[in-house]
Amino acid sequence: MLKKKHIETYEDYLAFVEELRDHDRRYYEEFQPIISDYEYDILLKEVENCEKKHPHWIVSYSPTQKVREGTSKAFVQKKHTVPMLSLANTYSQEEVQDFITRVKKLLHKEAVLFSVELKMDGTALSIRYEKGHFSRALTRGDGWEGDDVTENVKTIRSLPMNIHGAPDILEIRGEVFMDKKTFRDLNQEREEEGLEAWANPRNAAAGSLKLLDAKEVAKRKLDIILYGIVEGGKEITSQYEVHEFLQKLGLPVVKKEYRALCSNLEELMEFSRKIQKIREDLPFEIDGIVIKVDDILSYEELGTTGKCPRYAVAYKFAPEQAYTKIHDITIQIGRTGVLTPVAELEPVHLAGSTISRATLHNLEEIKRKDIRKGDHVVIEKGGDVIPKVVCVDLSKRKSDSEPFEMPKFCPNCGTKVVHSSEEVAIRCPNTKCLARKLRHIQFFASKAAMDIENMGEKVSQQLVTKGLVTRKSDIYLLDEKSLQVLEGFKEKSIHNLLGSIESSKKCSLSRFIVALEIKHVGAETSELLADYFCSLKDLMKASKEDLLELSGIGEKVADSIVEYFQDKENVEDIELLLERGVIPYHEKKQKQMDHSFSNKTFVLTGSLENYSRESAASLIKERGGKTSESVSQKTDFVLVGKDPGSKYEKAKKLGVRILSENEFVEML
């Protein structure tokens, strides 16, 4: 990290450029930034100011000279029909006023109307529809060409694959994001698995979009908001009206109350203050507002400055931070035994809530920031979601302060911890560890699993620590007498909890499978297993070969499922759950077993004109067929759309029957 705050010499300038390039790599390639956007923009502004004073110093690889995102070798690159530039950032009213003055001067106008909207904190995309059918999605890349992520974008449920009433060619710009709840849930799963937690929802979305397996992308539940037209909207001359036009086509746009038309600085700042007040309550992340000249016809006249358009600017909200003290660093033990260090803070108000704890993720993170017990620190909410320690105030560190070390033994059960060279996580290997049991019980009762209301974290903790619940099936032995020993539990609390436990007994098979916590088996895989086996008994006796018959089940998942049901303790607990009244049921979807698709295996490749892959697969399954991701001798049909991949070639070699979309429709 740089020691200097300002550039004084040419050597300083080169050092700042290299520092920025390193941060670009962490942000755009590794999706794990180590500084905030605000800190990055401060560095960038210093370089920009230096380059204005010393234009002869400018190097071609400076981040000021190009769009920073770049492309990935794992994807095919395609050219943008219109360059996809990035916005200049402002953080002060003075800078916004400078933008307004500059626009008026360039347009030779006394009055200019501005369209204002939310600045979504995601990753930019260019989406293309041809004759109403979704045909392509490209990332920003270097601004001139981007990565073709079409297959991954097809997994975004809010984006329609077909629209009516659109021009023959419609190219629009938007932002892919991950909502706050999904981010929190997936990050918790990552930490339980010993994986590095994502820094914020934006990096989670960007990393997900660059996965090579579209099925994995689908599990990340990405969303999208569209906001601009670059081709196909000639009749629209107002940026404010762009949103109305896209909404009429059935495309996802930001709500009307999050947009405005403003004519001066005062109105712009009033809109900004309104958005900052509701920012915490939004289900997704924003990092500011975007101010655009409303008259689209004037964009060409305004032009660009290298990598930024002159008709728009981002007014970013400076991160809200707080100053506090670390009283202690404690260890939290997860369901899989991962030891996570947590900073116990002097309570402080930050971004609408009181913060008393902040996860420190792992030992590597603590060492990088040199965080110690007793330190005075600056905290902020990472991505405005998870409290994190930004930096330490070394001037207030005591002379006898010592670096933090992870315990060599589990602080809960005393078992020696293990650290694999393949992961950053340190684990307690004792499956009977009380802390691990508590996490298992908490998950079993959670909304994602058995959904037992009134059995939250504190109640679960009492049940486990008082020895009332040591495994999942014990929950269904609880009665009025046993619950009377819980602190704060009176007649009404006891009645509510017992009622919730009773209600949870009848549950779907897929939810029950989730609650078992089989490694590598999440909600989607649980649904797949439930649909295929239809009963818990059949799933429990399934062999690895049986499991591998399912499209979407690989070797790792199959091994994990077989291993789980071979464990005597797991089987015993399941049997006790069933004895105590838990009834996992499965509602089998009605299928047309006399259809020509019955018991046939389909593989889909290429882009279909009238169906998304999801809807085509659903039609096949409704008629008794099934789908697979790979072509083999067992494949009956390969349904081929536009631009098919290697599956098409493999089908031809194996002599598998190939269906065009028209043939598929006829067979339906």
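User: What is the sign of phi at the residue that follows H3?

Analyst: Positive: His 108 comes right after H3, with phi near 55 degrees. Keep in mind that this is a predicted model, where local features need pLDDT of at least 70, side-chain atom pairs count only at pLDDT 80 or more, and totals for chains, interfaces and linings use all residues. Residues are numbered from 1 along each chain as its sequence is written, and side-chain values use heavy atoms, with hydrogens and water left out.

User: What makes 21 Å close to the expected reach for H3?

Analyst: H3 (residues 93-107) has 15 residues, and the expected span is 1.5 Å times one less than the number of residues. That gives 21 Å, and H3 reaches 21 Å from its first C-alpha to its last.

User: How do you know that the buried residues of H3 sit on the same side?

Analyst: Val 96, Phe 99, Ile 100, Val 103 and Leu 107 are the buried ones (buried is under 20% relative accessible area, exposed over 50%, partly exposed in between, with a 1.4 Å probe and protein chains only). They cover an arc of only 95 degrees around the axis, so they share one side of H3 (the arc uses directions from the helix axis to the C-beta atoms). Exposed Glu 94 and Lys 105 are on the face turned away from that side.

User: Why are H12 and H13 called oblique?

Analyst: Their axes cross at roughly 135 degrees. Under 35 degrees counts as roughly parallel, over 145 as roughly antiparallel, 65 to 115 as roughly perpendicular and the rest as oblique, so H12 and H13 are oblique to each other.

Key. Helix = DSSP H or I, 4+ residues; strand = E, 2+ residues; numbered from the N terminus. Axes fitted to C-alpha atoms, helices over the stretch in contact; angles between N-to-C directions.
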